[in-house]
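Trainee: I should like to take a close look at a single part of this protein. Would you please choose one strand pairing, describe its surroundings, and then relate it to the rest of the chain?

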Amino acid sequence: MAMRTRTAYNAEMGSQPAAEIDAHLCAGGTVVAASDRAARALAAAYHRSRRAEGKEAWASPRIYSWHTFIRLAWEERASAPPLILNPTQELTLWEQLVGAGNHAAALLEAPRRNLAAMAMRGHALLCSHAPQFLEPRTRTAWDQDCAAFSAWLSEFDELCRAHHAVSANRLPLQLIPLLQSDTDLRPHLLLAGFDRLEPVQSAVLSAWGSWAQVAPSDPAPAIQFFTAPDPAVELAAAAAWCSRQLRAAPHRRILVIAQDVRNRRGEFERAFLHHAISDPHFRFEFSLGLPLAQTAPVRAAQLLLRWLNGELAENEVDWLIASPYAAAQLESAALQARMRALRKRGLQRTHWTLKTFRQGAAPAPLPETWLHRMQAAQAQLDSLMQRRRSPLEWADAVPQLLAASGWPGANALTSAEFQVLGRWQDVLDTCGSLGFSGSRISWREFLAELTHAANETLFAPQSEDAPILISGPAESAGLTADAAWFLGATEDAWPAAGDSHPLLPLDVQRRAGMPHSSAQLDWDLAQTMTARIAASAGELIFTCPRQAEGVEARASRIVMAFAGPPQPLPSEWIPSPIAADLTHAVEDIEALPLAAASLPDASVPLRGGAALLTAQSQCPFKGFATGRLQAKSWDPAQTGLTAAERGQLLHAALHSIWGGPPDGMRSSRQLNHIADLPEFVAIHVRRAIADHAPSRVRDEMPSRYLELEAERLIRLLSEWLRFEQKRVDFEVVGTEIDKTRTIDGLSLDLRLDRLDRLNNGAVLVIDYKTGDVAPKDWDLPRPEDVQLPLYAGFGLDEDETIGGLTFARVRPGDICFAGRIGDARATLDTNLKSTSSLVKNPFDLEQLMAWRNEIRKLARNFLAGRADVDPRDSATTCKRCGLQTICRIGEQAVPLDEPEAEAAYD
């Protein structure tokens, strides 16, 4: 056997010659790569070399990943081979053992699965580094969690024997005695892509016979190390450097290496797409794929399957009905229109079942074709769910259910989408194999396994041979390039640290040299990987940020040993900031008057009522957007009652209380003659909840929830009515009074909460509020709220005398009137002190005329089309607007504060 001490690599990225591997393969030799990725890279390099020789056909090279090599060698020599458990099958057995062990962490599904995966990883570590501890007698000294794991190991062995199965991690151990007893001559093996050999790998190779590792390449002649201000500048500089490299030589191969590529994938895509837009030669791809569940076709499939017998979050429904994989284009438009209609009616939900979405009271109808498909698929699933079935039966049913639902849509699929569908079928087959033990499971259990498998399965589309490959340090094993850039070479990130395994004794891990069992092992591995990376390209650049996440970062000592201390990043490599004059501010002085012909129906008042003129006063653009464009911000769905819905229930209860006979009342005399005020209030509160509580709350919350809400309202309204019992005699003229008024050509619908006739014959305009409001909101010019001044100035009949306008604050601990009243002591409450705001700031007709003039001005401005972005007070107006994406006021650098916790309700 020939053994070489260093490792070199060849791959599809490489333009460097790989004579040793190529010659070995051309001679019919066998190459074993460390991973499937490295094996594919070596095969691509071999085929590229044959094409370069002008050949049109050639024999497939004998290139295998380590796991494939082991499996083929074992199957060739094993007699009556048992079932080799795939990872999903093995994890199921570990879950069964962990769940039966009454471990505290195994009571819930997610922790149980995580603990099972941890046990499965511990078993794999023992197989690869310390197989002697697979014998129960060697584990008698293990205690606590390690002792529990030892018991699981013994039970796992028994389960495997019972099912005549074997873990894939045990195959190398079973292969060794087969090789030792086999005297046949075996071919010489050439190993590539191994940063280090595990003990079991060394044992297998020794039993095999003749093998060698690929001879190392020389380190790159040009290795540089630079520091960047922060990770964003570092990444932008790497992308710009790659662009310059390809412009100088379009056929160059570039390798970009970084830690945590999976989590930073979005950052990389944004930085590199910036150059790909303008340069056709700038193409890049990732060596590591995404979880299959994150691909659009599979996400649509999973959401459809869940929706057939469960519920989806509202954002999931939004995504699904907009997806071309779940609905045709016209169907999707109709479904989205229905969702908008539901939201306009305040019927949004945190979660939707298919039934509630289908039965939602919205004017936008469901498309018949979509509805028919979903009902057919749902009926098919309901029939299947009559009994528990084997995983194979469920796996066979899934394509039928999806086809009945219309998945994957009517559009022609791209090559990548076809590949996704193929990988999805592989996952289905894997989940179907869970029936190897003869178990039968429910649909929900199968769906949970399918979801987990899709999340754990990585998908990467077939390589398009892009000149730039983005990879992690470990995944780059076996890859070479003309140039390479290693990002994030900080002391904290390189060497990459990890935790020892919590179910294995630490002394066992350290003696066996298991990963992350000591800092020295991590250091040694990082040194080996750095040496390999240094030999993987003709030109190599290491970089590290000076700051990461606001913390000062130091350069990696391992990298400094190869490249020397880092130097500042060359200024020409740092991307220039965006010039300030790329956009120009333009004063928009155009106005589009509102013509009657532009309305859907000139006889129908504009929607918005008082809110329209309030918006015009707060910001002309807000009035234009809400009144003419019908723009609005969506309130997020909540599981229970929203603050607005609580306010609506309060309004409904008070409307019922003051609604007059036979159940209500109309005067203070009737109020003072009620013997049991809480019981009287309870009748009206329960009626309001029965009539007006959202169906969403009834469906999603326990019945006790609305009972508690009723108790709260009964206490609050009883307190309010006791407060009103202290008033001077009054009569209620009406509640929830609808009026239509035309103000200088602008027709508005108004709804007055309540009108009281005072003891002097005048009318008091009352508006219930559960939020923090005050009469200062009416101050001129540009009132913050024009609702009550509008009602008082335009909402009353001509023969009525206005006696004042006031908010009725109905809040726990804050029960009062707040407003302007002509003579508050004489007409409202004789006990008011002279310091009361109602006494100090009386209502007068001059003030009313000033409000009327301001309201007319607002109406004329709205009709004239005034729509400039001019918030009354950006500190308070913009934070509650919700239309910033339309007016783009953020570009004017107007600071926006956090929204208030509770607002006032009409």
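Mentor: In this predicted model, strands β15 and β16 run parallel and are joined by five bridges. One of the places where they meet is Ala-484, whose bridge partner in β16 is Leu-540. Ala-484 also has a partner in another strand, since in β15 the bridge partner of Leu-255 is Ala-484. That second pairing belongs to strand β8 (residues 254-257), which is joined to β15 by four bridges and also runs parallel. In general, the strands of a sheet pair through backbone hydrogen bonds, in a parallel or an antiparallel sense. Strand β15 is mostly covered, with six of its six residues buried.

The side chains add a further link between these strands. Phe-486 lies in strand β15 (residues 481-486) and Phe-542 in strand β16, so their pair ties together parts that are 56 residues apart in sequence. The ring centres of Phe-486 and Phe-542 are 5.3 Å apart and the planes stand at 45°, so this pair is tilted. The cut-offs explain the word: an angle under 30 degrees would count as stacked and one over 60 as edge-to-face. Phe-486 is buried, with a relative accessible area of 1%, and for Phe-542, also buried, the value is 0%. Both are classed as buried because each value is under 20%.

Phe-542 has another ring partner, Phe-225. Their centres lie 6.3 Å apart and their planes are at 75°, so the pair is edge-to-face. Phe-225 lies in strand β7 (residues 222-228) and Phe-542 in strand β16 (residues 537-545), so this pair ties together parts that are 317 residues apart in sequence. Both Phe-225 and Phe-542 are buried.

These two pairs belong to a wider set, for a search of the whole structure finds 30 aromatic pairs. Elsewhere, ring pairs link Phe-268, Phe-272, Phe-282, Phe-284 and Phe-286 into a cluster. One ring of that cluster, Phe-286, has a charge over it: the charged end of Arg-265 sits 4.1 Å from the ring centre. A similar arrangement involves Arg-349, whose charged end sits over the ring of Trp-352 at 5.4 Å from its centre.

Let us turn next to two open sheets. One consists of four strands in the order β2-β1-β5-β6, with parallel pairing. Its edge strands are β2 (62-65) and β6 (211-213), each of which pairs on one side only. From one strand to the next, the twist averages 25°. Within this sheet, strand β1 (residues 30-33) and strand β5 (residues 189-192) run parallel and are joined by four bridges; there, Ala-33 stands opposite Ala-192 in β5. Helix α3 (residues 66-77) packs on the sheet, where it touches β1, β2 and β5, and its direction makes about 105° with that of β2.

Another contribution comes from Glu-20, which is found in helix α1 (residues 19-26). The C-alpha atoms of Glu-20 and Leu-190 are separated by 9.2 Å, although these residues are 170 residues apart along the chain. Glu-20 is partly exposed, with a relative accessible area of 26%.

The other open sheet has five strands in the order β20-β21-β22-β23-β24, and its pairing is mixed. At its edges are β20 (731-743) and β24 (814-821), each pairing on one side only. The twist from one strand to the next averages 35°. Strand β22 (residues 763-769) and strand β23 (residues 802-811) pair in the parallel sense over seven bridges, and Leu-764 stands opposite Gly-804 in β23. Helix α28 (residues 703-724) lies across β21 (746-757), β22, β23 and β24, and runs at about 45° to β24.

Finally, the confidence of the prediction should be considered. The protein averages a pLDDT of 88, and 93% of the residues score at least 70. Over residues 1-17, however, pLDDT stays under 50, and the model has 72 contacts beyond four places in sequence for this stretch. The pLDDT is also below 50 over residues 597-605, a stretch with seven contacts in the model beyond near neighbours in sequence.

Conventions:
Residues numbered from 1 in each chain as written. Predicted model: local features only at pLDDT ≥ 70, side-chain atom pairs only at ≥ 80, totals over all residues. Heavy atoms only, no water. Pairing = 2+ DSSP bridges. Axes fitted to C-alpha atoms, helices over the stretch in contact; angles between N-to-C directions. Contact = heavy atoms within 4.5 Å. Phe/Tyr/Trp six-rings, centres within 6.5 Å; stacked < 30°, edge-to-face > 60°. Buried < 20%, exposed > 50% of the residue type's maximum accessible area, 1.4 Å probe, protein only. Lys NZ or Arg CZ within 6 Å of the ring centre and 35° of its normal. pLDDT = per-residue confidence, 0-100.
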